[in-house]
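Please open the model in your viewer and keep the sequence panel beside it. The stops below say what to select next and what is to be found there.

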Amino acid sequence: MVIKIPSRQLFIDGRWTEPVLGKRIPIINPANEEIIGDIPAATGEDVERAVDAARKALSRNRGNEWASASGAHRAKYLRAIAEKIKERKSKLAKLESLDCGKPLEEAAWDIDDVAACFEYYADLAEALDKKQKTPVSLPMETFKCHVLKEPIGVVALITPWNYPLLMATWKVAPALAAGCAAILKPSELASVTCLELADVCKEVGLPAGVLNILTGLGPEAGAPLAAHPNVDKIAFTGSSATGSKIMQAAAQRPVSLELGGKSPILVFEDVDLYKAVEWTLFGCFWTNGQICSATSRLIVHESIAKEFLDKLVKWCKNIKISDPLEDGCRLGPVVSGGQYEKILKFISTAKSEGATILCGGGRPQHLKKGFYIEPTIITDVTTSMQVWREEVFGPVLCVKTFSTEDEAIELANDTQFGLGAAVISRDLDRCDRITKAVQAGIVWINCSQPCFCQAPWGGNKRSGFGRELGEWGLDNYLTVKQVTRYLSDEPWGWYTPPSKL
């Protein structure tokens with residue numbers, strides 16, 4: 001299957017624009033380590049052009065073209081984008097698989113979610129019109145108050161490589177729905193489908209400068225974008241280390257961060273083993289294990305641990321590991337050589353610290369090239385080990401057992417992160433207790449990883465702050481303006497007027 005990677009430039013002010021310095025970055029197919037194309041490499045000079053284009057887009061025609069237009073007007077563009085995404089689904093899914101190693105069926109699912117997300121925020125843009133001038137009840141009848149919701153301005157959207165187009169859409173769709181002008185900077189490891197989003201926006205006639213897309217390296221493009229004084233808000237998804245740098249660069253501007261995770265899955269003794277095993281596998285190995293919310297710490301009741309792990313290993317050995325474009329692929333390569341080496345280092349460190357590699361731990365024997373790692377299960381883990389404490393971002397599951405509910409909760413909360421958590425049990429009262437006790441922004445009951453654009457997404461502790469998706473995602477890009485009017489014809493009367501002569 002030969003798929004040609006489109007050769008694109010940067011997308012600035014509604015036009016394809018060559019980088020000022022003319023640099024490009026090779027695209028490496030993680031399935032075979034071959035160079036299959038390249039992307040433009042933006043630098044600070046290109047950031048200046050993009051921010052300038054975004055500011056002009058906000059003020060053009062006194063804002064009536066976009067920022068001050070009705071939500072219904074903006075919704076038409078969001079729905080048009082969604083329709084074009086649907087039309088291009090097959091091509092976009094294949095490009096996504098080639099670019100980041102995601103199994104093709106997963107990539108196709110993601111593209112469906114991209115279209116649905118644009119449609120959802122089109123609906124919220126329309127609903128925003130009805131919420132304008134919402135009255136505020138006041139204790140004095142001589143005053144009348146209402147609230148306006150307005151776009152926050154120019155926003156920088158910096159997104160990761162594990163869900164290249166979908167994670168970008170989680171930010172782009174609500175930002176545009178709110179009336180912002182955006183500069184999207186996707187990861188240099190997977191930018192191809194984000195550049196195709198630019199082509200879609202060009203085709204539907206999105207006003208120039210409303211969405212600008214800069215591909216390039218973090219230090220050369222992402223850093224100057226985050227630090228730019230004419231950017232009004234920064235939204236970032238990625239590593240905690242980079243998130244800290246963005247916080248420093250942002251100074252006093254609003255920031256929303258969705259960072260790393262080390263999420264637990266608690267499996268109790270009363271479970272249906274078949275269902276619990278599958279959700280445990282899905283929660284950790286979906287998207288090749290490269291999920292910030294991956295439930296990569298299995299905390300299983302000691303009475304079922306042996307049988308549960310036996311079944312888990314058998315299922316792992318049945319997972320099809322292959323080129324992501326092959327039918328039935330359920331585990332593809334990780335995104336890059338650097339990520340591949342990092343994951344293998346985690347596994348070797350766990351072994352040197354005394355953990356047991358129950359299954360996996362290396363390259364599948366039938367795949368000689370590509371960044372493939374077998375689904376790996378690590379037991380005999382202590383809470384001081386690196387594999388328990390740090391995010392691996394690969395197909396690696398570490399395991400501990402527990403005897404009591406309190407012990408399970410203590411183990412679940414033994415992390416600096418707080419993005420997701422899952423609990424598997426037939427006892428729904430127990431599930432409710434666990435839900436309240438775990439320190440996480442998302443809790444799944446009898447499942448792991450389902451995500452819907454209508455529900456809030458985000459974490460606590462070092463997993464970041466702010467929420468994406470749902471109405472919360474739209475609020476990220478809105479600012480609230482209070483408008484209060486004095487109704488009386490009488491003077492206010494606080495100061496004594498001068499005597500009339």
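Throughout this tour, a residue is called buried when its relative accessible area is under 20%, exposed when it is over 50%, and partly exposed in between, with a 1.4 Å probe and protein chains only as cover. The model is predicted, and therefore local features need a pLDDT of at least 70 and side-chain atom pairs count only at pLDDT 80 or more, while totals for chains, interfaces and linings use all residues. Residues are numbered from 1 along each chain as its sequence is written, and side-chain values use heavy atoms, with hydrogens and water left out.

**Stop one: two residues with positive phi**

Select Leu 469, which has a positive phi of about 70° although it is not a glycine. Leu 469 sits in the loop between strand 21 (464-465) and helix 15 (470-475), where helices (H or I, at least four residues) and strands (E, at least two) are DSSP runs numbered from the N terminus. Is Leu 469 buried or exposed? With a relative accessibility of 1%, Leu 469 counts as buried.

Now select Ala 251, which is likewise not a glycine and has a positive phi of about 55°. Ala 251 belongs to the loop between helix 8 (240-250) and strand 11 (255-258), and, with a relative accessible area of 62%, Ala 251 is exposed.

**Stop two: helix 6**

Select residues 192-204, which make up helix 6. The expected span of a helix is 1.5 Å times one less than its number of residues; for the 13 residues of helix 6 this gives 18 Å, and the end C-alpha atoms are 19 Å apart, which agrees. Helix 6 is mostly covered, since eleven of its 13 residues are buried, among them Val 192, Cys 194, Leu 197 and Val 204. Just after helix 6, Gly 205 takes a positive phi of about 80°.

**Stop three: salt bridges**

A salt bridge here is a side-chain nitrogen of Lys or Arg within 4 Å of a carboxyl oxygen of Asp or Glu, and by this rule the count comes to 32 salt bridges. Show the side chains of Glu 203 and Arg 88, which form a salt bridge whose closest N and O atoms are 2.6 Å apart. Glu 203 lies in helix 6 and Arg 88 in the loop between helix 2 (71-87) and helix 3 (89-100), so this pair ties together parts that are 115 residues apart in sequence. Glu 203 is partly exposed, with a relative accessible area of 45%, whereas Arg 88 is buried, with a relative accessible area of 17%.

Next select Asp 310 and Lys 306, whose side chains meet in a salt bridge (3.2 Å, N to O). Both residues lie in helix 10 (residues 305-317), four residues apart, which is about one turn of the helix. An α-helix has 3.6 residues a turn, so residues three or four places apart point the same way. Asp 310 counts as partly exposed at 37% relative accessibility, while Lys 306, at 63%, counts as exposed.

To see a network, select Arg 8, Lys 84, Glu 87, Arg 88, Glu 196, Asp 199 and Glu 203, which are joined into one by salt bridges that share partners.

**Stop four: Arg 297**

Arg 297 lies in strand 13 (residues 297-301). Which side chain of opposite charge is nearest to Arg 297? It is Asp 414, 5.5 Å away, and Arg 297 is buried yet has no salt bridge; for this purpose Lys and Arg count as positive and Asp and Glu as negative, with His and the chain ends not counted. Now show the backbone oxygens of Leu 411 and Ala 412: the oxygen of Leu 411 lies 2.9 Å from a polar atom of the Arg 297 side chain, and that of Ala 412 lies 2.7 Å from a polar atom of the Arg 297 side chain.

**Stop five: pairs to span with the distance tool**

Select Asn 476, which is found in the loop between helix 15 and strand 22 and, at 15% relative accessibility, counts as buried. The C-alpha atoms of Asn 476 and Lys 233 are separated by 9.0 Å, although the two residues are 243 residues apart along the chain. Then take Asn 288 and Asp 489, which are 201 residues apart along the chain and whose C-alpha atoms are separated by 69 Å. Asn 288 lies in the loop between helix 9 (273-285) and strand 13, and, with a relative accessible area of 1%, Asn 288 is buried.

Definitions and conventions
A polar contact is a pair of N or O atoms within 3.5 Å; within protein, one must be able to donate a hydrogen and the other to accept it, and residues adjacent in sequence count only if both atoms are side-chain atoms.
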